[in-house]
Amino acid sequence: MAFISSGYNPDKPMVNRITDIGPKYYEEFYPPVIKKNKGKWLYHEILEPGICVHVAESGDELYVLRVGGCRIMSVSHIREINEIADKHCDGYLRFTTRNNIEFMVDSKDKVEPLKNDLLSRKQPGGCYKFPLGGTGAGITNIVHTQGWIHCHTPATDASGTVKATMDVLFDQFTDMKLPAKLRVSMACCLNMCGAVHCSDIAILGYHRKPPMLDHEYLDKMCEIPLAVAACPTAAIKPAKVEVNGQQVKSVSVKAERCMFCGNCYTMCPSMPLADTEGDGIVLMAGGKISNRISAPKFSKVVVAFIENEMPRWPTMTKAIKKMVDTYAGDANKYERFGDWAERIGWEKFYEKTGLEFTHHLIDDFRDPAYYTWRQTTNFKFTNAIK
Amino acid sequence: METVEFGGKTFSVDEDGFIDSFDNWCPEWVQYVKSVEGIDELNDEHSKLVDVLRDYYEKNGIAPMVRVLSKVTGFKLKHIYELFPSGPGKGACKMAGLPKPTGCV
Ligand code: HEM
Ligand code: HEM
Ligand code: SF4
Ligand code: SF4
């Protein structure tokens, strides 16, 4: 395509440069009813899955329709979202912290037409463009990352695993039958961009092989002390090696100390570790961020490894479904996944879900590992550990 | 790797225009980076930053933290940006021939 200048002059890059203006002030985009009643809301109700009403002191009502968003979306899709907002919501809309889309209307009679319009729109392949749901005690959107679409350190894909999982859990998105909210998150490496460390169920990309060393380029491309300091288990040390008869500076990796975190590759491009057979998925469970009844919790590793099975990850989605179904049938009302697992005991969690307990799940990272072992005779006999 | 010609020399560079090796740095490289980094006139302060970066890298094998760079040169971050519009990493380190910054930048 021909080059079209925006007016930027590459020879004088600092001329007419605008900077440090920050984001737009959010009040510019408030629907009038939100602007008027800001800070004066009385209560809200979830009318049905995906539809909430908020009632203000003035008596004003705000109906909110929440629909699933695929997060990575084209400009045409955003234009379609705008078109819907123009048609039904005076041009206003918002995105949630879990990347759902919320359309807001100020009276009840506007809800049905909007709902029907949203549910009538489908992708050519058959998927809902705007599935209504994500409210209350169900499963809302999966917070996720870049995967093979854009990042250089992933051990699995984000968009693919998320689509496969949401398809399997779709009924829970459009309904509110669970004991409490169930948050699923996904990160494609253990940088954990997002919320995998604090979610009810988490999908995490994982490597199983140590980095390869590109000795020829390592000293040229990497700041060696940074690579050494990047390693949580001190598996890396500086080394002199011979390349084509010449001594060069590089590093050596003690394979039996490496646990494949990939942090050295983040710092040093000459230490790649992605591997087709080695890479896959770890499942974690039991985390939460709210302070509701129990304090926030970290999620724990419950499945040590599942292979990458593109494009649908069937073993992974089966394990997730199994966890969700067991929790749904067993937990008390308001109990989050972690609340439930801690009440019944993790040994019962493994028995009930049928997940395999392996030595990989026992913490062995530094002094804090000790506190995750059991210093009590309080336990239940189970058939989970063979 | 791509190559660029400048001032009668040939340099191998990556896709972001960083030089392939600290050892292949030379004064012509400085002039080349000046031409692509939006710098009108090179002055003593540019040279001081480049010298400090090369000296620190030679001794320590890493680029200095921004606070160290400010402390040693006496230039506040704002002034470093006045000298190098792209900043200490993409601008100054590139000119000094250091490896491309890594991590979640
Ligand atoms: C200091 C202010 C706020 C904090 C700290 C905060 C924090 C949070 C957190 C932690 C979540 C849960 C994310 C998750 O499910 O993992 C959340 C969700 C949500 N927040 Fe906020 N929030 C704030 C302000 C607001 C405001 C002003 C609104 C509405 C205008 C809002 C509406 C929501 C909604 C609708 C969700 C659920 C989104 C979904 O499940 O798709 N929040 N917020
Ligand atoms: C007396 C007033 C209110 C009380 C006691 C209340 C209480 C609650 C409770 C208990 C939840 C569920 C939390 C959970 O399941 O973990 C909730 C969710 C929520 N509340 Fe309220 N709330 C009140 C007013 C409001 C108002 C005025 C708004 C908005 C203007 C609001 C917005 C929300 C939203 C967006 C959610 C999340 C819905 C979902 O994602 O399913 N609440 N609230
Ligand atoms: S989780 Fe890892 S691989 Fe995924 S986007 Fe973040 S840094 Fe990249
Ligand atoms: S992958 Fe992680 S544990 Fe292994 S050498 Fe690199 S930084 Fe150390």
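Buried area here is the accessible area, taken with a 1.4 Å probe, that two parts lose on being put together, summed over both. By that yardstick, chain B and chain A bury about 1100 Å² between them, with 58% of it on carbon and sulfur atoms. On the chain B side, Ile62(B), Pro99(B) and Thr102(B) give up the most area to chain A, together 36% of what that side buries. This is a predicted model, in which local features need pLDDT of at least 70 and side-chain atom pairs count only at pLDDT 80 or more, while totals for chains, interfaces and linings use all residues. Side-chain values use heavy atoms, with hydrogens and water left out, residues are numbered from 1 along each chain as its sequence is written, and chains are lettered from A and ligands numbered from 1 in the order in which they are written.

Counting contacts (heavy atoms within 4.5 Å), 13 residues of chain B meet 14 residues of chain A. Zero salt bridges turn up between chain B and chain A (a side-chain nitrogen of Lys or Arg within 4 Å of a carboxyl oxygen of Asp or Glu).

As for the metal, His44(A) is the only protein donor of the iron atom of ligand 2, through ND1 at 2.6 Å. Donors are N, O and S atoms within 2.8 Å of the metal (3.2 Å for Na, K and Ca), and water is not among the atoms, so sites may look incomplete. His44(A) sits in strand S1 of chain A, residues 41-48 (strands are DSSP runs of E, at least two residues, numbered from the N terminus).

Conventions: Helix = DSSP H or I, 4+ residues; strand = E, 2+ residues; numbered from the N terminus.
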